[in-house]
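Student: Please take a close look at one part of this model, the surroundings of the ligand. Then follow the chain outward from there.

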Amino acid sequence: MRLPGEYSIARLAKKDAQAVSSLEAECFPTCFGPAQYAAILDAGENAPLRVFGLFAPNGKEGESLAAYVSFALHPAAGEVEIHNIATRAGHRRRGCAEKLLRLVLAAAAALNLEKVLLEVSSGNAPALALYKSLGFTLKGRRKGYYAQSGEDALLLERPLCFLP
Ligand SMILES: CC(C)(COP(=O)(O)OP(=O)(O)OC[C@H]1O[C@@H](n2cnc3c(N)ncnc32)[C@H](O)[C@@H]1OP(=O)(O)O)[C@@H](O)C(=O)NCCC(=O)NCCS
């Protein structure tokens, strides 16, 4: 991929709450506010909901978060559920989201989990292309799930028996 090596990856902490909240607000119609993120990111090392970010080099204060992924571990079910993933507009098509998804896949495999699940709108072509490229396949559909657009929600699954 074209992702420059100087991007760095890190688990987000309470200090990143404002940055991740504003990136989420740029990319999604609904989002967690800074206070909600502060609580999520302050929940401790073993909290089931984890958020990782990719930081661009030389970013100005508060603007260096290029992408993030949030996911929940469900060890009893053998699953990981991706809640959200987004890349800031100026950093897209450089491999940021792929890098973060590969991190989730590796973390899940290291915990001997069996699969990664996520939900995506049927009209979200960039996200569908991303997930397909990493081996996710369609497992279910909720017709007309998104009220505003009328689009279906697609449930995608990626088994962890292989890493491409
Ligand atoms: C979907 C999204 C996260 C992709 O982020 P990204 O960092 O640009 O993705 P990557 O650069 O890692 O792309 C990896 C691969 O995914 C596919 N892909 C990503 N964006 C694509 C697009 N706009 N069109 C076609 N394929 C795309 C390609 O196969 C790409 O590989 P390539 O660039 O070598 O062709 C980004 O467009 C985004 O933030 N969208 C808004 C938020 C969102 O919809 N999130 C998903 C919610 S389910």
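Tutor: Helix α4 gives the largest share of the shell around the ligand, with 5 residues. Keep in mind that this is a predicted model. Three elements each supply at least two residues of the shell: β4 (79-87), α3 (96-110) and α4 (125-133). Around the ligand there are 19 residues, and those that come nearest are T87, R92, A97, P126 and A129. Sorted by class, the shell holds 11 nonpolar residues, 4 polar ones and 4 charged ones.

Now look at the loops on either side of α3. The loop between β4 and α3 contains R93. Most residues other than glycine have a negative phi. R93, which is not a glycine, has a positive phi, near 60 degrees. R93 counts as exposed because 10 other C-beta atoms lie within 10 Å, and the cut-off for exposed is 12 or fewer. The loop between α3 and β5 holds a similar case, N112. Its phi is also positive, about 60 degrees, and N112 is not a glycine either. N112 has 9 C-beta neighbours inside 10 Å, so N112 is exposed as well.

That second loop leads to strand β5. Strand β5 (residues 115-121) pairs with β7 in the antiparallel sense, through 7 bridges. Within this pairing, A153 in β7 stands opposite S121. Strand β7 also runs antiparallel to strand β6 (residues 137-142), to which 5 bridges join it. Here E157 in β7 is the bridge partner of T137.

Next, the side chains of β7 itself. In a regular strand, side chains alternate between the two faces of the sheet. Strand β7 (residues 153-159) shows this alternation. L154, L156 and R158 point to one face and are buried, while A153, L155, E157 and P159 point to the other and are not buried. Note that R158 is among the buried residues. The two bridge partners mentioned above, A153 and E157, point to the face whose residues are not buried.

One pair of helices remains, from earlier in the chain. Helix α1 (residues 17-27) packs on helix α2 (residues 34-41) at an angle of about 125 degrees, and their axes are 8 Å apart. With that angle, α1 is oblique to α2. The crossing of α1 and α2 is right-handed.

Notes:
Residues numbered from 1 in each chain as written. Predicted model: local features only at pLDDT ≥ 70, side-chain atom pairs only at ≥ 80, totals over all residues. Near = placed C-beta within 6 Å. Helix = DSSP H or I, 4+ residues; strand = E, 2+ residues; numbered from the N terminus. Nonpolar A, V, L, I, M, F, W, Y, C, P; charged D, E, K, R; others polar. Buried ≥ 20, exposed ≤ 12 C-beta atoms within 10 Å, placed from the backbone. Pairing = 2+ DSSP bridges. Axes fitted to C-alpha atoms, helices over the stretch in contact; angles between N-to-C directions. Parallel < 35°, antiparallel > 145°, perpendicular 65-115°, else oblique. Left-handed = near helix turned anticlockwise from the far one by under 90°.
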